[in-house]
Amino acid sequence: MGMKNKVTNVLVLSLSLLIVGCRADSSQQLKQQSVKPHITVNQMGKKPVIVILIDSLMGQPLQDAIREGRAPAMEYLLHKGQYFPQVVSSFPTMSVTIDSTLLTGTYAGQHHVPGLVWYSDQKKRMILYGNGAKEALKIDQLQVFNDAIYQLNQVQLNKKTKTIHEELADKGKESASINAIVFRGKTKHALKVPDFIANSNRVPEKMIVTGPKWLSYAALAQLNPKNNWNTPLWKKFGMNDEFSAKDAAFLISQKKLPDVTITYFPENDNLAHRKGPTQLKGIEKADQALQTVLNAYGSWEQAVNNAIWIVMGDSGQSAVYDDRQAATVDIRPLLSHYCIAKLNQPVRSDDQIVIAVNERMAYIYAINDNVELSNVVKLLQNEDKLDIIAMKDGKSNIHVTKGKKGKLFSYHPGGKFIDEYGQSWTLSGEEDLVDITVNNNRIKYGKYPDVLARLHGAMNSHEGRYVVVTVQPGYELVGESSPTHIGGGAHGSLHEKDSLVPLIISGTNTRPKTLRIVDLKDWILQLVNE
Ligand SMILES: [Zn+2]
């Protein structure tokens, strides 16, 4: 492969949030001395909302970082506001799916973004929004680039589920998206496609997307012209915390802050993947970036008085055992008597199974009519490290099982059982498979928060006949050349370790209807519209 391709690989991987390590740049000082005050309250007297989404921020390490004095900005906001350590994420617990849930207020069954990696029955190929060097190297690079930006936002994300940006635009309000992977809005933007990709003649020089009025996306779109030096290759072309912070701070200092700004800090995720979920360095870096944003107000007090701050994680991570043999669960040997499609070539007519691994979760597709999904499930039950194994039948019932004993739990929406979030269900079989307890028709969740709705979302997220599997904490799934995080951390599953994130709210005494990311959209719109 030529040099051009290599460079392209690096760019695509970087933009796809595969973070290859980044030098610390912690020169920011807390500036508390008075600068001229910035009053950015909008025309209606409403405070603007600033969402800071920190990838893989978790409650316990956040508290540890605060105790060690390594997260002063988050500590400040937390003490000035409200703190919820256990907010329920989406499923699969992968950033693209979670961000889509945050922006649309729906689970994957409605927003249609199934995960980082999935198989399109319509296109007869895998869709990858970027998942690691080895996998991407085997797949067409420009395809990944297009999928990760255009296909995700303009095609796959269901147009019937409006994003926060679209809802605000409908009401004549403005919003901003800074380095968020999901950003669809109503304003057309021409992304700057770097020369060495554009020159390949396969991507237009400018990629037209729709976003909020203010769109910032690494080297492809930036707000602060001085942020250029934050977009070189070794800083992941701008997909870094500092770039995000500088562009958010730019909107504040230019008095251009819109009603809602969604700012994504990517770096903590990579550090947690490599060092494990207890690492604090990524939180420290994210906090330094948050300080840059707060400082744009002149003082932190001004920041809290003049804006509503929502600082949160997107998913948790589970520690992965540090022995490769013990830590990884390879799905292929379990299904070895089927013909499993190879990643590096188009699906062939005799292929029967496609495996799309999302770290601690996988979609396993039966792409040939001669494969019974229930037989695939039976074979998967032979692996004790698998946690939840689920399939949908022709009548839209979801069946859950695990292990060799063949226990079964089945459910579908609607019915006499009501859960903690007011959702109703019909249930049958062994409830311990999803760790719920039922008393007087009330459902209480255990170690799989909001499991019924979240799993139902994934089971209905896209076309095709497929099984959803997750793996128990400590383990990670592997398919053909999927990335692993031995001795580090991984996410993707329904388990609470992957599924609970902290939420800091400052500048308002209100809170979302329930402590789930799926309910943040309505609340954010209320904060702006009331
Ligand atoms: Zn991650």
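1. **Zinc spacing.** In sequence, the donor residues of the zinc ion follow the pattern D-x3-H-x217-H. His-273 belongs to helix α11 (residues 267-275), while His-491 sits in the loop between β23 (489-490) and α17 (496-499), so the two histidines tie together parts that lie 218 residues apart in sequence. This is a predicted model, and the points below should be read that way.

2. **Zinc donors.** Which protein atoms serve as donors of the zinc ion? Asp-269 appears twice, through OD atoms, and His-273 and His-491 each give NE2. These donors lie 2.0 to 2.6 Å from the zinc ion. Both His-273 and His-491 are buried.

3. **Zinc geometry.** Why is the arrangement around the zinc ion irregular? The four donor atoms subtend angles of 54 to 160°. A tetrahedral label would need all angles between 85 and 135 degrees, so this range makes the arrangement irregular. For reference, the ideal angle for four tetrahedral donors is 109.5 degrees.

4. **The seven-stranded sheet.** Seven strands form an open sheet in the order β2-β24-β10-β1-β9-β5-β8. The pairing is mixed. β2 (82-88) and β8 (214-216) are at the edges; each has a single partner strand, so one side of each lacks a neighbour in the sheet. From one strand to the next, the twist averages 15°.

5. **One strand pair in detail.** Strands β5 (residues 175-178) and β9 (residues 260-265) pair in the parallel sense, over four bridges. Ile-178 has Thr-263 of β9 as its bridge partner. In general, strands of a sheet pair through backbone hydrogen bonds, either parallel or antiparallel.

6. **Helix across the sheet.** Which strands does helix α18 lie across? α18 (residues 520-529) lies across β1 (49-54), β9, β10 (308-313) and β24 (500-506). The helix runs at about 170° to β10.

7. **Helix α12.** Is α12 mostly covered or mostly uncovered? Mostly covered: 14 of its 15 residues are buried. The helix spans residues 281-295. From its first C-alpha to its last, α12 reaches 21 Å, close to the 21 Å expected at 1.5 Å a residue.

8. **Overall.** The protein's secondary structure comes to 18 helices and 24 strands. Of its 530 residues, 63% count as buried. Among contacts between residues at least 6 apart in sequence, 70% join residues at least 24 apart. The zinc site adds its own long-range link, with His-273 and His-491 tying together parts 218 residues apart.

Definitions and conventions. Residues are numbered from 1 along each chain as its sequence is written. This is a predicted model: local features need pLDDT of at least 70, side-chain atom pairs count only at pLDDT 80 or more; totals for chains, interfaces and linings use all residues. Side-chain values use heavy atoms; hydrogens and water are left out. Two strands pair if DSSP finds at least two bridges between them. Axes are lines fitted to C-alpha atoms, for helices over the stretch in contact, and angles run from 0 to 180 degrees between N-to-C directions. Contact means heavy atoms within 4.5 Å. Donors are N, O and S atoms within 2.8 Å of the metal (3.2 Å for Na, K and Ca); water is not among the atoms, so sites may look incomplete. Four donors count as tetrahedral if all angles lie between 85 and 135 degrees; four count as square planar and six as octahedral if opposite donors are over 155 degrees apart and all others between 65 and 115; anything else is irregular. Buried means under 20% relative accessible area, exposed over 50%, partly exposed in between (1.4 Å probe, protein chains only). The expected span of a helix is 1.5 Å times one less than its number of residues.
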